[in-house]
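I opened the notebook to record what I looked up in this model. The entries go topic by topic.

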Amino acid sequence: MSRQVQITLVILVLGVVAGAVYLRGLHSQFLRLASPAETDAQAHRAVTQHPVASPSDVKARARIFWASSDKPGTLEPVEVELPLSASPAQRARQILDTLLNPPHPALRTLPADTALLSFYLLADGTAVADFSDAVARSTPSGITSERLVVESVLRTLQANVPAALRLKILIHGQEPETLAGHLDLTGFFLLRVTDANTAPAAAGLTPPREPAKLSP
Amino acid sequence: MFELALAIRADLERQGIRVVLSRQPAENPSFDERAALANALRGAVFISLHVASTGRPRTAQAFYFRESPIAGPPNSGPALSNPPMEAQLTPEALLRWDQAFAAAARDSHTLARLLQAQLRDAFPGSPAVPEGAPVRQLRSIAAPAAAIELASVAVADRSILQNMAPALAAAIARAVLAAPLTASEAR
């Protein structure tokens, strides 16, 4: 084999290797672009939602009401261990942030790009949760699906934040008439019955199902 | 949805039930405008029809108004022993618009229960009991009122809805005629 042929072959091999590296890069880029929803959701969450943590947080068990993987359209409590604040308002934020970020997409009850914009807990036990407008925009319209969203928030707060007696849900700072066309958001949702807020509609509060354990 | 309502109206009227639709195709009345129309009719029963893109296909769920979705065990019936506020109302009392549902809370639950039993027969796989939920449309209705949601229906495929109409109309007619409605004098 002449020297010229050897040089040509080496150049060809180098070209093939360079092409393979380039194609691999293109493939990775294509895969990233192929899942823009999750990327957008992550980017949105990174901007609007900051981790709520303080050095005084202690690890504690919390019950999060995510979607049941066995019975579609229902909720199932899952016990998770979280660093939780002693402050009820901070604790509520941490709990709701966990609800918004389930360990598996199938457990999700609120749309992936939903963020908790702010949370307040007033002295009289009134909690105010302000969600981003994605919760209204991306929740499938329907009584059943909207009910699941609200119920997961209510039950999760009820199980973990005893100081919260009633909840007002806002969307982007506004009081909408409905969540996504059906479920009424104009009033307050009772979380706990006390002498101060006793109402016949809440008299039927009963403990929910036994929680499942979340395996690591 | 409007075509479904028209088909159901025709079936119900053949059975002697007068039907008033709360909207026309070119209209988009508010919840309160629909409620005002229903509340002005003496002895009316209000049924709100919905389709959802989620849920088990070809099943139907009836709902009655309940202020909180967690006032009872998950996915179960209401606290029947304590219908909200109804006992506090007297005939001469003025109703608060946002509490109008309380005037017929017991009858609304009865209607939803009867509807759900009929829906389960008509659409096998449907739940056995109605659900309580704060459905905005039902809040201001001072008459027996329930919502029906048909599951997993793609809006683009109208044939599914049209095929469900006769069974749905029959289920509604049987439930309305069977309901011992204390708040309504005629249907």
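My entries below cover chain B, the cores, a ring pair, a surface patch and some backbone angles.

**Entry: status.** I am working with a predicted model. I keep that in mind for every value here.

**Entry: chain B overall.** I began with the secondary structure. Chain B has 5 helices and 4 strands. Reading from the N terminus, I get the order α-α-β-β-α-β-α-β-α. I then asked how much of the chain is buried. Of its 187 residues, 49% count as buried. The exposed area of chain B is about 8700 Å². Carbon and sulfur atoms supply 54% of that area. I also checked contact range. Among chain B contacts with a separation of 6 or more, 77% join residues 24 or more positions apart.

**Entry: nonpolar cores.** Which residues touch the most other members of the largest nonpolar core? I found Phe119(A), Leu157(A) and Leu167(A), in a core of 51 residues. Helix α5 of chain A, residues 143-160, gives the most to this core, with 6 residues. Another core lies apart from it and holds 31 residues. Leu21(B), Tyr64(B), Leu111(B) and Ala171(B) are among them. I noted the general background too: in soluble globular proteins, nonpolar side chains tend to be buried together.

**Entry: Phe119(A) close up.** I listed its contacts, leaving aside neighbours within four places in sequence. Phe119(A) is in contact with Leu157(A) and Leu167(A). The list also has Ala89(A), Ala92(A), Arg93(A) and Leu96(A). Ala127(A), Val128(A) and Ala129(A) complete it.

**Entry: aromatic pair.** I searched all chains and the count came to 1 aromatic pair. Phe65(B) and Phe101(B) have ring centres 4.3 Å apart. Their planes stand at 40°, so I logged the pair as tilted. Planes under 30 degrees apart would count as stacked, and over 60 as edge-to-face. Where do the two residues sit? Phe65(B) is in strand β2 of chain B, residues 60-65. Phe101(B) is in the loop between β2 and α3 (105-122) of chain B. The pair therefore ties together parts 36 residues apart in sequence. Are these residues buried or exposed? Phe65(B) is buried, at 7% relative accessibility. Phe101(B) is buried as well, with a relative accessible area of 4%.

**Entry: surface patch.** I looked for nonpolar surface on chain A. Met1(A), Val5(A), Leu9(A) and Leu12(A) make a patch of about 410 Å². I took Leu9(A) as my sample. Leu9(A) belongs to helix α1 of chain A, residues 3-34. Its relative accessible area is 40%, so Leu9(A) counts as partly exposed.

**Entry: positive phi.** Most residues other than glycine have a negative phi. I therefore flagged the exceptions I came across. His172(A) has a positive phi of about 55° and is not a glycine. His172(A) sits in the loop between β5 (166-171) and β6 (189-190) of chain A. Arg58(B) also has a positive phi, near 55°. Arg58(B) lies in the loop between β1 (46-51) and β2 of chain B. At 47% relative accessibility, Arg58(B) is partly exposed.

**Entry: one distance.** I picked Ser56(A), in the loop between α2 (36-48) and β1 (58-67) of chain A. Ser56(A) is exposed, because its relative accessible area is 55%. How far is its C-alpha atom from that of Arg192(A)? The separation is 27 Å, for residues 136 apart along the chain.

Definitions and conventions:
Residues numbered from 1 in each chain as written. Chains lettered and ligands numbered in written order. Predicted model: local features only at pLDDT ≥ 70, side-chain atom pairs only at ≥ 80, totals over all residues. Heavy atoms only, no water. Patch = residues over 30% accessible without salt bridge, like charges linked within 9 Å, V, L, I, M, F, W, Y side chains within 5 Å. Areas by Shrake-Rupley, 256 points an atom, 1.4 Å probe, with all protein chains shown as cover. Salt bridge = Lys/Arg side-chain N within 4 Å of Asp/Glu carboxyl O. Buried < 20%, exposed > 50% of the residue type's maximum accessible area, 1.4 Å probe, protein only. Core = buried A, V, L, I, M, F, W, Y, C linked by side-chain atoms within 4.5 Å. Contact = heavy atoms within 4.5 Å. Phe/Tyr/Trp six-rings, centres within 6.5 Å; stacked < 30°, edge-to-face > 60°.
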